Amino acid sequence: MSKYQDLSTYSQPNSIGKITLLLIVINVGLFAIQVLSGVNITDPTTLDALRWGADYAPLTFLEEPYRLFSSMFFHFGILHLMMNMWALYIFGDVAEKTLGKFYFLGLYILAGLMGSLLSGYLDIRNSYEMLQNFDQKLFPHVSAGASGAVMGLGGALTLLSLFPPTPNPRFILDKRSLLTVLAINLAFGFLASGINNAAHIGGMLMGAVMALAWYVTQRAKMGKAANIIIVILGIAATYAVYLYCQHLVGPLSPLWQQAIVQMREQLNF
């Protein structure tokens, strides 16, 4: 984690960005409420995760699509929370002051949603494969966490570091450190078990695309209206991916409905 310290050079000392701070407070506050309600602080159960909005593809795509969003605010224990909040503090503060509050928030949410959608898409493909060759490992898993959104910020800053700075930049981004941190996180996701790397990749790609669009508007000296249009287009693209996933889910509905019934019976959910 020490690599995070060298991601950028501040043009002047500043306090943490307000939206970044708000997101951290929301995540930590919700975690505290969950723990006070009885959720295990280090190892929440699957039932706890589902009750607090975690993502489970059959439930998400057949009944409760809000889980694509709510899953961004549940964490599997205090270590999971601390790692994501530390990364959010480092990436978020730089990204917010670089992109501006509105664009930063839009990028963060859309990256988190795209991470959830890519994770869901892989669950869909795995379920199709399971129909041909049953393998318990292919069954959808419960997932949650802010890492998809945070990786979106990392992807955005990494992409911006590859180009010449915009006029009057507030930060000089360290390309080597950003690429190293991103590579380590992706490699760790592939090598370690229990990590939803699809959410990381989906968030990272969305963040990079949004950052590229922002960079173009800055170099072309377009107004804030251009950023609003980009966020709207990002929302439309995210919704289009959701509709595509819903289309793929159709033939899986009987299998996934049965999975939901069994899950509710086993967990009394």
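1. Let's start with helix 5, which has 22 residues. Counting 1.5 Å for each residue, helix 5 should span 32 Å, and its end C-alpha atoms lie 29 Å apart, which agrees. Please keep in mind as you read on that this is a predicted model.

2. Where does helix 5 bend? The place to look is Gly92, where helix 5 turns by about 30 degrees. Right after the helix comes Gly100, and its phi is positive, near 95 degrees.

3. A pocket is a good next stop. The second largest pocket holds about 400 Å³ of space. Its lining is made up of 21 residues, and those closest to the centre are Glu96, Leu99, Gly100, Lys101 and Phe102. Gly100 is thus a residue to find twice: it follows helix 5, and it is among the residues closest to the centre of this pocket.

4. Which elements give two or more residues to the lining of the second largest pocket? They are helix 5 (78-99), helix 6 (101-132), helix 9 (197-219) and helix 10 (224-249). Helix 5 provides the largest share, with four residues. As for the classes in this lining, seven residues are nonpolar, eight are polar and six are charged.

5. Helix 10 also holds Val231. Is Val231 buried or exposed? Its relative accessibility is 7%, and since buried means under 20%, Val231 counts as buried. Beyond its neighbours within four places in sequence, Val231 is in contact with Phe102, Tyr103, Leu110 and Met210. One of these, Tyr103, is 128 residues away along the chain, yet the C-alpha atoms of Val231 and Tyr103 are separated by 7.1 Å. Another, Phe102, is also one of the residues closest to the centre of the second largest pocket.

6. Now for the loop between helix 9 and helix 10, where you will find Lys221. Lys221 is exposed, because its relative accessible area is 70% and the cut-off for exposed is over 50%. What is the phi of Lys221? The angle is near 55 degrees, a positive value in a residue other than glycine.

7. Helix 7 (residues 147-161) is worth a look too. With 15 residues at 1.5 Å each, helix 7 should span 21 Å, and its end C-alpha atoms are 21 Å apart, so the two agree. How many residues of helix 7 are buried? The count is 15 of its 15 residues, and the helix is mostly covered.

8. Ser147 can serve as an example from helix 7. With a relative accessible area of 12%, Ser147 is buried. Setting aside residues up to four places away in sequence, Ser147 touches Asn84 and His200.

9. To finish, turn to Phe73, in the loop between helix 4 (67-70) and helix 5. Although Phe73 sits in a loop, its relative accessible area is 13%, so Phe73 is buried. Which residues does Phe73 touch, not counting those up to four places away in sequence? They are Ile26, Asn27, Leu30 and Gln34. If you would like a distance to check on screen, the C-alpha atoms of Phe73 and Leu88 are separated by 13 Å, with the two residues 15 apart along the chain.

Key:
Residues are numbered from 1 along each chain as its sequence is written. This is a predicted model: local features need pLDDT of at least 70, side-chain atom pairs count only at pLDDT 80 or more; totals for chains, interfaces and linings use all residues. Side-chain values use heavy atoms; hydrogens and water are left out. The expected span of a helix is 1.5 Å times one less than its number of residues. Buried means under 20% relative accessible area, exposed over 50%, partly exposed in between (1.4 Å probe, protein chains only). On a 1 Å grid over the protein atoms alone, a cavity is a set of points where a 1.4 Å probe fits but cannot get out, and a pocket is an open set with protein on both sides within 12 Å along at least five of seven lines; lining residues have an atom within 4 Å of a point. Grid points are joined across faces, edges and corners, and a volume is the space filled by probe spheres set on the points. Ala, Val, Leu, Ile, Met, Phe, Trp, Tyr, Cys and Pro count as nonpolar, Asp, Glu, Lys and Arg as charged, and the others, Gly among them, as polar. Contact means heavy atoms within 4.5 Å. The bend at a residue is the angle between axes fitted to the seven residues ending there and the seven starting there.
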